[in-house]
Amino acid sequence: MNKVMSNRLSIAIYVLPALLLVTILVFIPLILSAYYGLMKWDGIGAMEFIGLENYINGIKDEKFWNSAYHSFLLAIFSTLSLAVYLTVSLILASKIKGSDLFRKIYLIPMLLSSVAIAQLWIKVYNPSNGILNAILMNLGVKNPPAWLADPSLVLLAIFIPILWQYAGFYILIYYAALKNIPESLIEAAKIDGATPTQIALKIKLPLIKEVVVVTVVLAIVGSLKYFDLIYVMTGGGPNGASEVMASYMYKLAFSSYDFGYGSAIGFLLLVITLIVTFIIRKITATDEQVEY
Amino acid sequence: MKRFGYFLLYVSLTVVALFQLVPLIWLFLFSLKDNREIFAGSPFALPSELRWQNYLKVWEGGVGTYFFNSVWITSLAIILTVLFASMATFAITRMKWKWSGFVLGLFMVGLMIPIHSALIPLFSMFLKVNLIDNPISIVITYTAYNLPITIMILLGFYYTLPREIEEAAIIDGCSIHRMFFRIILPMTTPVISTTVVINMIYNWNEFVFVNTFISSDKYKTLTVGIQNFIGQYMTDWGAIGATLIISVLPIIIAFIFFSNKVVEGISSSAVKG
């Protein structure tokens, strides 16, 4: 038995295909990204070593920090919207008939590609023929805004489809966690005379704290990496008003062919994501494990 | 009073459901209209006649090609991902070797990588080996980037498989490969179907890799294809609507038939950023 299960050749045959693919296509590019960041390079011609210049320029680049600021705004919006999702989940988990159907309806947008979502919402926001302004004009609004063309509204306009896309995902996670709470705990609280609101806030919420932390990390890190939807909806415009870190990096590399600088920005994106993840984990770390 | 409270709760849940559904219903309605009807009529009016020709027009105008590319690229990547992930999970959980913990750790770190940080080096690597504008680059990239999440989903199931089965198989003189392909793989079908569903959603909806590595129309998948296509049909809303509906239909159909698997897959993929 042991002889068969520790045969080196068999182990290699089973683990190497996956390990090689992940090493070559996931890890080596990350190291290369840091390395290319040290070069002046257009992606095709010869590389020229310029030391830390790209990284220093990146740290001084106003456009980069502007895009980072937009990414962080989206992260804050996304985190705040978790409260809405959590409220909906608390309602759903309180013995509502048809909660299964509701959950599945909420999940539908999550299954669609960001490109399709972006194209659909471009139409929703269309100033003259979109459904949003049609509704607003029916309600008596005389001059409805131009949404995606308005620099002061564009981030908000992008955030609505994000909310729409991820609602079902977070509701699903919260609902599963809430359903895991033993019924006996809730019954005991009821016998002691707790109101439904008290049960939700004082018993259910503390019990799913761990899950809430995970979703906060997901929402923030996900927002920092956000790309597809924004790239298709606005391309970062108008005039950089909706540029985020990933779209800025993409433009540097594949529109301006500044691969060296783009790599440096890509590497900064990785570092920022890892630092933020680490900080949230640190802040929210709990040493007490919840026991029922 | 209590009844009224429940009524309010239902109303709020229904409002959320409408918010989720109305844009999609509106999309379906205008995919069957022509511009005159869309621009002049009420947004929720039913089409005066069902213009399925919108669908036929875009299908023949190129969307059909993108659709087939999406189908074969998605399917091939799913097969490779699930096979390689199953093999690696088998080696990590069942075989005895010193580095298994370290290798598992590597796969788990792979879950956290933002793809944009790897995009430029991947592009230059594929350029060097002549795989730019070749769908093979897409298939292997999808496989590599979905392996960590697939392994993570498989892992829990493999830990619960009883060891007696392997022992019995080996005592009976079964080779390790026969045991894996004839006994272990069939036993893991329930969890494999979850990983297939989640891989299908990721691959079908992926955009950045195809947009970066593929330039020929004949290799483009739906996400990138519709992006170009809609550029050409800028003003023809019916055609755009039909294109979008075609692109989301397979996933919606999969959801209708396997909704429990989809729910399971999405919940277990929650760790992926």
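**Note on cavities, pocket and side-chain contacts**

1. Three helices of chain B, helix H9 (189–205), helix H11 (222–232) and helix H12 (237–257), each give at least two residues to the lining of the second largest cavity. The model is predicted. H12(B) makes the largest contribution to this lining, with three residues.

2. The second largest cavity holds about 50 Å³ of space. Its lining draws on both chains: A:Leu111, A:Leu112 and A:Ser113 from one, and B:Trp204, B:Asn205, B:Leu222, B:Thr223, B:Ser247, B:Val248 and B:Ile251 from the other. By type, six lining residues are nonpolar, four are polar and none is charged. Over the whole structure there are four cavities of 30 Å³ or more.

3. Next, the largest pocket. Its volume is about 840 Å³. The lining has 25 residues, and A:Leu90, A:Ser94, A:Pro196, A:Lys204 and B:Tyr6 are those nearest the centre. Chain A supplies two or more lining residues from each of helix H4 (62–92), helix H8 (154–179), helix H9 (183–191) and helix H10 (196–207), and chain B does so from helix H1 (2–30). The largest share, six residues, belongs to H10(A). Here the lining includes charge: 14 residues are nonpolar, five polar and six charged.

4. A:Asp192 deserves a look. This residue sits in the loop between H9 and H10 of chain A. Is A:Asp192 buried or exposed? The relative accessible area of A:Asp192 is 69%, over the 50% cut-off, so the residue counts as exposed. A:Ser33 is 159 residues away along the chain, and the C-alpha atoms of A:Asp192 and A:Ser33 are 60 Å apart.

5. Aromatic contacts are many to check: the structure holds 40 aromatic pairs over all chains. One of them joins A:Tyr85 and A:Tyr170, with ring centres 5.5 Å apart and planes at 10°, a stacked arrangement. The two tyrosines come from distant parts of the chain, A:Tyr85 from helix H4 and A:Tyr170 from helix H8 of chain A, 85 residues apart. Both fall under the 20% cut-off for burial. A:Tyr85 has 5% relative accessibility, and A:Tyr170 has 7%.

6. What geometry does the pair A:Tyr166 and A:Tyr226 have? The ring planes stand at 70° and the centres are 6.4 Å apart, so this pair is edge-to-face. A:Tyr166 belongs to helix H8 of chain A, while A:Tyr226 is in the loop between helix H11 (209–224) and helix H12 (228–233) of chain A, so the contact ties together parts 60 residues apart in sequence. The partners differ in exposure: A:Tyr166 is partly exposed at 23%, whereas A:Tyr226 is buried at 9%.

7. One aromatic cluster spans the two chains. From chain A it takes A:Tyr35, A:Tyr36, A:Trp41, A:Phe227, A:Tyr231, A:Tyr250, A:Phe254 and A:Phe259, and from chain B it takes B:Phe123 and B:Phe207. Another contact between chains involves a charge and a ring. The charged end of A:Lys123 sits over the ring of B:Trp237, at 4.7 Å from the ring centre.

8. Now the salt bridges. Side chains of opposite charge can pair when their charged atoms come close. The structure holds 11 salt bridges over all chains. In chain A, A:Glu243 and A:Lys251 form one at 3.0 Å, N to O. A:Glu243 is buried, with 9% relative accessibility, but A:Lys251 is partly exposed at 29%.

9. In chain B, B:Arg51 and B:Asp34 form a salt bridge at 3.3 Å, N to O. The pair connects distant parts of the chain, 17 residues apart: B:Arg51 is in the loop between helix H2 (35–40) and helix H3 (53–94), and B:Asp34 is in the loop between H1 and H2 of chain B. B:Arg51 is buried at 12%. B:Asp34 is partly exposed at 22%.

10. B:Lys220 and B:Asp217 form a further salt bridge, at 3.6 Å from N to O. B:Lys220 is buried at 8% relative accessible area, while B:Asp217 is partly exposed at 41%. Elsewhere in chain B, shared partners link salt bridges into one network of B:Asp34, B:Glu37, B:Glu49 and B:Arg51.

Note on methods:
Residues numbered from 1 in each chain as written. Chains lettered and ligands numbered in written order. Predicted model: local features only at pLDDT ≥ 70, side-chain atom pairs only at ≥ 80, totals over all residues. Heavy atoms only, no water. 1 Å grid on protein atoms, 1.4 Å probe; cavity = no way out; pocket = protein on both sides within 12 Å on 5 of 7 lines; lining within 4 Å. Points joined across faces, edges and corners; volume = space filled by probe spheres on them. Helix = DSSP H or I, 4+ residues; strand = E, 2+ residues; numbered from the N terminus. Nonpolar A, V, L, I, M, F, W, Y, C, P; charged D, E, K, R; others polar. Buried < 20%, exposed > 50% of the residue type's maximum accessible area, 1.4 Å probe, protein only. Phe/Tyr/Trp six-rings, centres within 6.5 Å; stacked < 30°, edge-to-face > 60°. Lys NZ or Arg CZ within 6 Å of the ring centre and 35° of its normal. Salt bridge = Lys/Arg side-chain N within 4 Å of Asp/Glu carboxyl O.
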